[in-house]
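Here is a short briefing to read with the structure open beside you. We will go from the core to a long helix, and then on to a few single residues.

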Amino acid sequence: MRLGFVGCGNMAAAIIGGILEKGIVKKEDIKASTKTEASAAKVRENLDIACGTDNRETIRDADVVFLAVKPQFCEGVIKEIREEIKENQVILSIVAGKKLEWLEAQFGKKCKIIRTMPNTPALVGEGITGVCPNDQVTEKEVKEALVLLRSFGRADTVTETILDVVGAVSGSSPAFVFLFIEAMADGAVAEGMPRKQAYEFAAQAVYGSAKMVLETGMHPGELKDMVCSPAGTTIEGIGVLEERGMRSAVMESVRACVKKTRQL
């Protein structure tokens, strides 16, 4: 399988790194293109793959074309490459907010397009990606795409309507979690804990808690109740979070992200 990456920022680099680490594709079968020669040189140095500035050359022999540019540049890039796209090529888009209908209209012909929404934990092999193919993509091609996307975390198919929600609940939410970790560490520092140690303890607590949800299959509320002893310290802290509206604030933050995504 030959892969062509149009755009090679942090997310594309994380995808390539996962694919290479899992041995799914050889580095000789991956090409990428970037906007400048300076950034292309950096990609070549860091990933040891072929990388230049010619988008058309990058995709010419690819079986799967990763569209990995910023949303504001997407229309111009598609105009540049659409004549090179062949019927048998699968276009895998990680462009935020650009729906299948819009992508199909830009290419101006029948194309195999899979719209995806990965998130930044892909950088450490713990990503989660929502996947939505159009009706031109075969079941076999979807399975092959999932193999690529699962090289840097989890991935599953969703409807396009749900994909906008995926962008909020997994795409934007790492920033919410980072803020939560920082706030917990600040509280620990205020009580005398060294800053570096506070970040380590807070981050590991969040990591372990998330792993419990995924691996036990238990409801988050049930896991929370297991920690809250009667008249104990944890339920006292939960009371403060509820009083300050943490639950509703997080819910509204997710909904605000979904609203913004639908406006892109």
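**The nonpolar core**

In this predicted model, the largest nonpolar core has 34 residues, and those with the most contacts inside it are Leu3, Phe5, Ile15, Ile19, Ile30, Phe66 and Leu92. Two or more residues of this core come from each of β1 (3-6), α1 (10-22), β2 (30-33), α2 (37-47), β4 (64-67), β5 (90-93) and α6 (139-149). Helix α1 gives the most, with six residues.

- Leaving aside residues up to four places away in sequence, Ile15 touches Phe5, Phe66, Ile94, Ser151 and Phe152.
- There is also a second, separate core of 22 residues, and Val69, Cys74, Ile91 and Ile113 are among its members.
- As a general background, nonpolar side chains tend to be buried together in soluble globular proteins.

**Helix α7**

- Helix α7 covers residues 160-190, 31 residues in total, and spans 44 Å from its first C-alpha to its last, close to the 45 Å expected at 1.5 Å a residue.
- Where does α7 bend, and by about how many degrees? The bend is at Ser173 and comes to about 55 degrees, with a proline, Pro174, following within four residues.
- Ser173 and Pro174 are both among the buried residues of α7, a list that also holds Leu163, Asp164, Val166, Gly167, Ala168, Ser170, Ile181 and Ala185.
- Those buried residues pack against two strands, β6 (112-117) and β7 (127-133), and against two helices, α8 (195-216) and α11 (246-263).
- After α7 comes Gly192, which has a positive phi, near 110 degrees.

**A buried arginine**

- Arg115 belongs to strand β6.
- Is Arg115 buried or exposed? Arg115 counts as buried because its relative accessibility is 0%, and the cut-off for buried is under 20%.
- The side chain of Arg115 makes a polar contact, at 2.9 Å, with the side chain of Glu160.
- Beyond residues up to four places away in sequence, Arg115 touches Ser93, Gly97, Lys98, Lys99, Leu100, Gly130, Val131, Cys132, Glu160, Leu163 and Asp164.
- Two of these partners, Leu163 and Asp164, appear in the list of buried α7 residues as well.

**Two residues with positive phi**

- Asp48 is not a glycine, yet its phi is positive, at about 60 degrees.
- You will find Asp48 in the loop between α2 and β3 (50-52).
- Asp48 counts as partly exposed because its relative accessibility is 46%, and that class runs from 20% to 50%.
- Ala231 also has a positive phi of about 60 degrees without being a glycine.
- The loop that holds Ala231 runs between α9 (220-227) and α10 (233-243).
- With a relative accessibility of 84%, Ala231 counts as exposed, since the cut-off for exposed is over 50%.

**The chain as a whole**

- The protein chain contains 11 helices and eight strands.
- Its C-alpha trace spans about 65 × 40 × 30 Å along the principal axes.
- Of the 264 residues in the protein chain, 37% are buried.
- Taking contacts between residues at least 6 apart in sequence, 62% join residues at least 24 apart.
- The accessible surface of the protein chain is about 15,200 Å², and carbon and sulfur atoms account for 56% of that area.

Key
Residues are numbered from 1 along each chain as its sequence is written. This is a predicted model: local features need pLDDT of at least 70, side-chain atom pairs count only at pLDDT 80 or more; totals for chains, interfaces and linings use all residues. Side-chain values use heavy atoms; hydrogens and water are left out. A nonpolar core is a set of buried Ala, Val, Leu, Ile, Met, Phe, Trp, Tyr and Cys residues joined through side-chain atoms within 4.5 Å. Buried means under 20% relative accessible area, exposed over 50%, partly exposed in between (1.4 Å probe, protein chains only). Contact means heavy atoms within 4.5 Å. The expected span of a helix is 1.5 Å times one less than its number of residues. The bend at a residue is the angle between axes fitted to the seven residues ending there and the seven starting there. A polar contact is a pair of N or O atoms within 3.5 Å; within protein, one must be able to donate a hydrogen and the other to accept it, and residues adjacent in sequence count only if both atoms are side-chain atoms. Accessible areas come from the Shrake-Rupley method with a 1.4 Å probe; for residues, only the protein chains shown count as cover.
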